[in-house]
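Q: Got a minute to go through this structure with me? I'd like to start with one helix and then move on to the ligands and the pockets.

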Amino acid sequence: MSESTTAAPDSSERKTSEISEAVIRIAGNSQDGIQAIGGFLARLAGRSEQDVMTFMTIPSTISGGPSIFQVRIGTGEILSSGDEADVLLAFYQHSYENHINFVKKSGIVLYDSDHVEPSEEHQKNYRHVGVAVSSLTVEAIGGSARDKGKNIFALGLITRMFDLNVEKLKKLIAERFKGKPESITTTAHNAFDAGYAQDVGNLVDLYEFEEPDGKLSNQVVMNGNEALAYGLIAAGVRFGAGYPITPWSDIMELLRRELPKYGGTFMQCEDEIASVSMAIGGSWGGRVAVTGSSGPGIALKAEAIGWAIMAEVPLVVVDVQRGGPSTGMPTSVEQSDLNIAVFGGHGDSPRVVIAPAHVEDAFYTAIEAVNIARKYSVPVILLTDQAIATRIEAFAEPNLKELCQDISPDLSAVADHKPYDLDANDGITRHLAPGTRVASGKYPVLTGLEHDEMGHPTSSRELHMDMQTKRRRKLQALRESFPATQVYGPDEGNILVVGWGSSQGPIREAVDRMRGAGESVSAIHIRYLNPLPDKLDEIFSGFHHVVVVELNDEGLNGYGQLAQLLRAKYADPKIQSICKTDGLTWRIGEIVERIHGFEAAQK
Amino acid sequence: MSKLSFGYEALDRTGDLNVGEIPELPEDRPALKKKQIAADHPTWCPGCGDFSVLALYFRLIEKRKIHHEKITTVAGIGCSSRFPYFVQGHGTHFIHGRALPYATGVSLCRPDLHVFVFGGDGDAFSIGGNHFNHTARKNVRLTYVVMDNWVYGLTKKQTSPTSPVGFKSKTDMWGAVDPPINPAKQAIAAGATFVARSTHTNPKHIHEMMDAALDHEGFSFIQCLSECTEFYEGAFDAANPRKGGEFNLVPEDHDVTDQDAAIKLADEVFPGKFGILYKVDEKSKNAKEQEINAKFQAKVEGMEDWEILQQNFNRMK
Ligand SMILES: Cc1ncc(C[n+]2csc(CCOP(=O)(O)OP(=O)(O)O)c2C)c(N)n1
Ligand code: SF4
Ligand SMILES: [Mg+2]
């Protein structure tokens, strides 16, 4: 907690401190509804013009198991979900024992005294407050409280402690249970009131967030999968197909539910091969379509993506990366699908790969992906990850009226048509959707065989070379249009940290912290992973070391996947790697430590 | 913080090519002639059964007055699957075994088109076997003609899922040992709503089957025996009266809506009966999805797309 002022203690020795941000970690079992507490807090922050970021771990088994939800709320910009917790709320002994180390020195440990036996050792280091959460919940609302109500009781407790807006929270609770019997909302409100009534202020400090500066008004709050799916809808996507797999499934479920309102359809297929094929068919039908998956499903789609590259059909493929290979770590984060995204095909198969940096960015990147696919008639792989997928962030409400696009097919007749025109601008193909009349009476065929300009098979070596060049050239043209890569921090110094995807926030926060301590560190974020932007070497030349920080293994050659790409492109031995595969996002302290370790090794 | 490097752009249609005149269409467009429908000269071996399927597709287009822009032909990979190159119309030569899901995407996005899918027995029942079952059970509106030659033609004589036991191929040099799939029987069991059997040696019959398939509101499947003269000569002689075989039609008293009777008929020892074995009216996938859409669209009537999306965003504040 960043405390700015400490108010004078009142007569009963309690004090209220004004803080700019707080990290609250709630630890319990997945069936306790702790995700719901986190969700309420995040949404409240969004409504209160505060910035927020969440982090959660979910067991990969259905029957549940230990789970946490962490919320970081603050008045300023929040870049990561926080390394250390100011407050831990532990429901069980295992929650207490496994998470107490994440609490800041002199932080607060709230625990359910019905289940947790605090250790004497820990009591020396942390302020402990026991509340009989389980029995008090039963007292307030009846029932067994084994699974239900405890979470809302705990929400009341936290609300009291941080002087959060009771009215707004109760409204959020009511909205959540809208459409359910009235009694459910009443019971939830009772649990909330009972929690709120616990005078924890007798035992610990009470906190109050600083007044927001008004910069964060009009926010929406959602997770990355939602942002991405809504971005696709805003972009005009009206058709897609998929097969369930965590953490991609949320996106397909959302599209299945929402697209019918727009006259669109999302199909659940028999497998990933069918779904990518169906999406490509839809794209040819005139509807730039989406398919997606996570790790194993992306591998299955590879052959068809190769076809779409050869036939030059627009397509968006979402890959919500998780721990791999194989079934791997389905509910953990990794950035280990970069190789399959960039190279996952047979033959020379240039495609576009872009990665969003955070939840808001997932919304805009989805729109960009659709527009690139459409304009360059090429598959675009939208490489997001489990961390972005599941975390909740508040961000400025997009101007939907301005952003929403209509990309319905144009079926008006043409005089003549040559789909694979070698003289076309930048080598970009434009297909006609079936139903389009070609007055010359000569119709095109889309094919995966090497073809002539009309799409008819050829075994001409010259044509193969020309078409291969055409497919590459258009992506080189795309690269020309990339915005210049911005350096976070000065463009000269000792260390340049290079990151991609969801690591952007933690990397920036680490850079801020190190610069604050007088170190010479800057960062760049690479959003376009294929083709890579040009002129990175000019940026690299301003630094003694270039360190690529990514969530994948250093591999047999000692470099992570992006580091390998950059080394291949620039052949610069200065490019080094910092990798990890513990299934968790980067903590700030961890990045700082690893960079210090790297520096020490250079000496 | 909104940043979009790649926003919407209106795209040119066909670049420099689109400068010519686009003639107005006459009120009553005449049916296309065979010459106008034929595209590349087929690359099939002389005598290949696939020629007659192509010829009958042309006849269907002519007779049913399907115009160029509406001709939508999709195929996977195999000798038979080269079909789309030979047809002057919109076509796709997709990957091995996945023509059905691809065609499903087209069919669902474009209710104004009737998609025809052509392919071989390996494409349909081996690599694409699961897609066949699911497309059939979902009753997607399209016509699937499998040119069944009981062998892998393109890859030069390996055992196919329809090769009869004893067939000597390059992968079963002593004769195939596994029992073959019966395509018509499998289609019925999978939930197909139109299942017919025909053979390349009876052009009139193929035409009748395709004509009926075109009118079917759902998934229509035609198993068309199509001899591979190169690798399985004489495979269907028993169904060809000119070779001393028998071509027997489905009995007139067969009830095409009776699933048990249809399966029994499909299961008869080769050459069995030809014609429509099974046909029922069930809602197509396309119709079911349209119903779902109509229900949801009624709730947002008169709203612009961005306003519908705004409703969701308002709930996330
Ligand atoms: C993924 C993949 N595996 C294998 C092949 C090779 N292949 C091409 S066609 C074919 C079988 C063709 O048999 P069938 O579908 O019966 O068609 P026919 O040639 O007999 O008409 C095979 C195995 C391929 N093209 N793609
Ligand atoms: S190999 Fe057989 S199936 Fe292929 S074209 Fe020749 S005869 Fe026809
Ligand atoms: Mg065959």
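**A helix, two ligands and some holes**

A: Sure. This is a predicted model. In it, D271(A) caps the N-terminal end of α10(A), with a side-chain oxygen 3.0 Å from the backbone nitrogen of I273(A).

Q: OK, and how many residues does helix α10 of chain A have?

A: α10(A) covers residues 272–284, which makes 13 residues. From first C-alpha to last, α10(A) reaches 18 Å, close to the 18 Å expected at 1.5 Å a residue.

Q: Is α10(A) buried or exposed?

A: Buried: 13 of its 13 residues are, so α10(A) is largely enclosed by the rest of the structure.

Q: And what follows α10(A)?

A: G286(A) does, and its phi is positive, near 115°.

Q: Switching to ligands. Where does ligand 1 lie?

A: Between chains A and B. It has 17 residues around it, and the closest are C79(B), S80(B), G122(B), D123(B) and G153(B).

Q: Which side chain has an N or O atom 3.0 Å from an oxygen of ligand 1?

A: That's N149(B). There are backbone contacts too: a backbone N or O atom of V151(B) lies 3.0 Å from a ligand 1 oxygen, and a polar backbone atom of L154(B) is 2.9 Å from an oxygen of ligand 1.

Q: Which residues are around ligand 2?

A: W44(B), C45(B), C48(B), C79(B), N149(B), C228(B), T229(B), E230(B) and F231(B). By class, that shell has six nonpolar, two polar and one charged.

Q: Now the pockets. What volume does the largest pocket have?

A: About 1,200 Å³. The lining takes in 35 residues, and R43(A), R176(A), N223(A), E226(A) and M316(B) are the closest to the pocket's centre.

Q: Which elements give two or more residues to that lining?

A: From chain A, α1, α6, β10, α8, α9 and α14; from chain B, α10 (305–315). The lining of this pocket divides into 14 nonpolar, ten polar and eleven charged residues.

Q: How many cavities of 30 Å³ or more are there?

A: Four. The largest cavity has a volume of about 70 Å³.

Q: What lines the largest cavity?

A: Residues of chain A, including Q486(A), Y488(A), W500(A), R508(A) and H525(A). β20 (493–500), α17 (504–516) and β21 (521–526) of chain A each give two or more residues to the lining. By class, the cavity lining has five nonpolar, five polar and one charged.

Note on methods: Residues are numbered from 1 along each chain as its sequence is written. Chains are lettered from A and ligands numbered from 1 in the order in which they are written. This is a predicted model: local features need pLDDT of at least 70, side-chain atom pairs count only at pLDDT 80 or more; totals for chains, interfaces and linings use all residues. Side-chain values use heavy atoms; hydrogens and water are left out. On a 1 Å grid over the protein atoms alone, a cavity is a set of points where a 1.4 Å probe fits but cannot get out, and a pocket is an open set with protein on both sides within 12 Å along at least five of seven lines; lining residues have an atom within 4 Å of a point. Grid points are joined across faces, edges and corners, and a volume is the space filled by probe spheres set on the points. Helices (H or I, at least four residues) and strands (E, at least two) are DSSP runs, numbered from the N terminus. Ala, Val, Leu, Ile, Met, Phe, Trp, Tyr, Cys and Pro count as nonpolar, Asp, Glu, Lys and Arg as charged, and the others, Gly among them, as polar. The expected span of a helix is 1.5 Å times one less than its number of residues. Buried means under 20% relative accessible area, exposed over 50%, partly exposed in between (1.4 Å probe, protein chains only). A polar contact is a pair of N or O atoms within 3.5 Å; within protein, one must be able to donate a hydrogen and the other to accept it, and residues adjacent in sequence count only if both atoms are side-chain atoms. A residue is near a molecule or strand if one of its heavy atoms lies within 4 Å of it.
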